[in-house]
Amino acid sequence: MVGREKVTVIGAGNVGGTTAQRLAETGRYDVVLLDVVDGVPQGKALDLLQAGALLGSDGQIVGTTDYRATAGSSLVVITSGVPRKPGMSREQLLEINAKIVRDVVTQVAANSPEAILVVVTNPLDVMTYVAHKVSKFPRERVVGMAGVLDSARFRAFIAAELKVSVKNVETMVLGGHGDAMVPLIRYTTVAGVPLSERLPKDRIDALVKRTQDGGAEIVALLKTGSAYYAPSASIVAMVEAILLDSKKILPCAALCKGEYGVNGLFVGVPVKLGRRGVEEIVTLSLTAYEQTALAQSAAVVREHCDLVDKMI
Ligand code: APR
């Protein structure tokens, strides 16, 4: 191809806007930011374009409400949705966001039939299922962002506790997002040394719990809105692994077809990301406890996907 690859971000709110900023700052992509609220994506794109003059990035940045501007995207990040409001049930939120993701993905797929979709809207595992169902894209080209964020939170807490560089901390998480996350402590290391040799069990349990509640802790502090710096950094880590064809193994929501005993559902698993998208689901050996926790996580996703099947 000639020129930069085009990356579209749907939803110009906190997560989408910050993602567009991070992508633009790499200077490697042409970025399209789309929202239903006219003026917001255009305003943010103009602001980012002007920031590019200082940062020296030459990529194009377009803000729009028109899907034609997204045509031919290599990758589309989907952050559009509404947050849960007081008095709204989980099912109501599920229905509203499923319909938003359905409508968005229908238009995205029509304009960029070869794109890779990175889904971010919550509840993540179910929205990724909706995006796959509606787009009819192969499973390689639909992936959800959750595990990268959960593992980043866990790594940050471990590094702070041990007063070591976060670069020394490696971890892997499976299953759903937040409280449904299944951390793999056996595969968590500090400069190659298992975490269990560096911290007592009660401290590890406390850090796991704080990670599982990581999103809620930030919501409680912010009062309005939810996290977006770490979510957008997580999205960009996935986008770069894909578009730079790095073959990096990251925890992502991918469609399992028998892997880890899960069939026909998107759940968090270790995935090798490259230019074709999900190039491999990496199979790790699990303990009975880990396998049971993952099965429980998948059962909840199954229930929600069955609900959504009746809604859309
Ligand atoms: N098409 C395009 N954009 C839409 C649509 C739609 N049909 N419906 C809503 N939006 C836009 C809103 O106008 C808003 O600008 O999606 C944006 C969502 O932004 P925020 O409310 O700021 O939410 P944000 O914090 O960015 O989170 C977005 O990511 O991490 C998840 O749980 C989070 O599901 C949420 C999503």
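Student: How far is an oxygen atom of the ligand from an N or O atom in the side chain of N122?

Tutor: The distance is 2.8 Å. Keep in mind that this is a predicted model. Pairs of N or O atoms within 3.5 Å are read as polar contacts.

Student: Which backbone atoms should I look at around the ligand?

Tutor: Take V15 and G13. A polar backbone atom of V15 is 2.7 Å from a ligand oxygen. For G13, a backbone N or O atom sits 3.5 Å from an oxygen atom of the ligand.

Student: How much of the ligand does the protein cover?

Tutor: On its own, the ligand has 730 Å² of accessible area, and the protein covers 79% of that. As a general idea, interface size is often given as the accessible area lost when the parts come together.

Student: Which elements give two or more residues to the shell around the ligand?

Tutor: Two helices or strands to find: α1 (14-26) and α3 (90-111). The surroundings of the ligand count 16 residues. Of these, N14, V15, D35, T79 and N122 come nearest.

Student: Let's step back. What domains does the protein chain have?

Tutor: The assignment gives domain 1, covering 5-144, and domain 2, covering 147-309. Their C-alpha centres are 22 Å apart. Across the boundary, 35 residues of domain 1 are in contact with 38 residues of domain 2.

Student: How many residues does the largest nonpolar core have?

Tutor: That core has 80 residues. L75, M238 and L273 have the most contacts inside it. Both domains feed the core: domain 1 (5-144) and domain 2 (147-309) each give at least three residues.

Student: What is L273 in contact with, leaving aside neighbours within four places in sequence?

Tutor: The list includes M238, A241, I242 and V278. Also among the contacts of L273 are S246, K247, K248, L250 and C252. Apart from the largest core lies another, of 14 residues. Its members include F154, F157, I158 and M181.

Student: Now single residues. Is S112 buried or exposed?

Tutor: Use the cut-off: under 20% relative accessible area is buried, and over 50% is exposed. S112 is at 1%, so S112 counts as buried. Find S112 in the loop between α3 and β5 (116-119).

Student: What does S112 touch, not counting residues up to four places away in sequence?

Tutor: S112 touches T70, A71, G72, S73 and F137. With S73 there is also a polar contact to read. A polar atom of the S112 side chain lies 3.0 Å from the backbone nitrogen of S73.

Student: Where does T188 lie?

Tutor: T188 is in the loop between β9 (181-183) and β10 (189-190). Its relative accessible area is 0%, so T188 is buried. A polar atom of its side chain is 2.8 Å from the backbone oxygen of L184. Beyond four places in sequence, T188 touches F154, I158, E170, T171 and M172. T188 also touches V193, P194 and L195.

Student: In which strand is P194 found?

Tutor: P194 is in β11, residues 193-194. Its relative accessibility is 30%, so P194 counts as partly exposed. P194 is in contact with T188 and T189, leaving aside neighbours within four places in sequence.

Student: How far apart are the C-alpha atoms of P194 and I116?

Tutor: They are separated by 35 Å. Along the chain, P194 and I116 are 78 residues apart.

How values were computed:
Residues numbered from 1 in each chain as written. Predicted model: local features only at pLDDT ≥ 70, side-chain atom pairs only at ≥ 80, totals over all residues. Heavy atoms only, no water. Core = buried A, V, L, I, M, F, W, Y, C linked by side-chain atoms within 4.5 Å. Buried < 20%, exposed > 50% of the residue type's maximum accessible area, 1.4 Å probe, protein only. Domains from an automatic or database assignment. Contact = heavy atoms within 4.5 Å. Near = heavy atom within 4 Å. Polar contact = N/O pair within 3.5 Å; in protein donor to acceptor, adjacent residues only side chain to side chain. Areas by Shrake-Rupley, 256 points an atom, 1.4 Å probe, with all protein chains shown as cover. Helix = DSSP H or I, 4+ residues; strand = E, 2+ residues; numbered from the N terminus.
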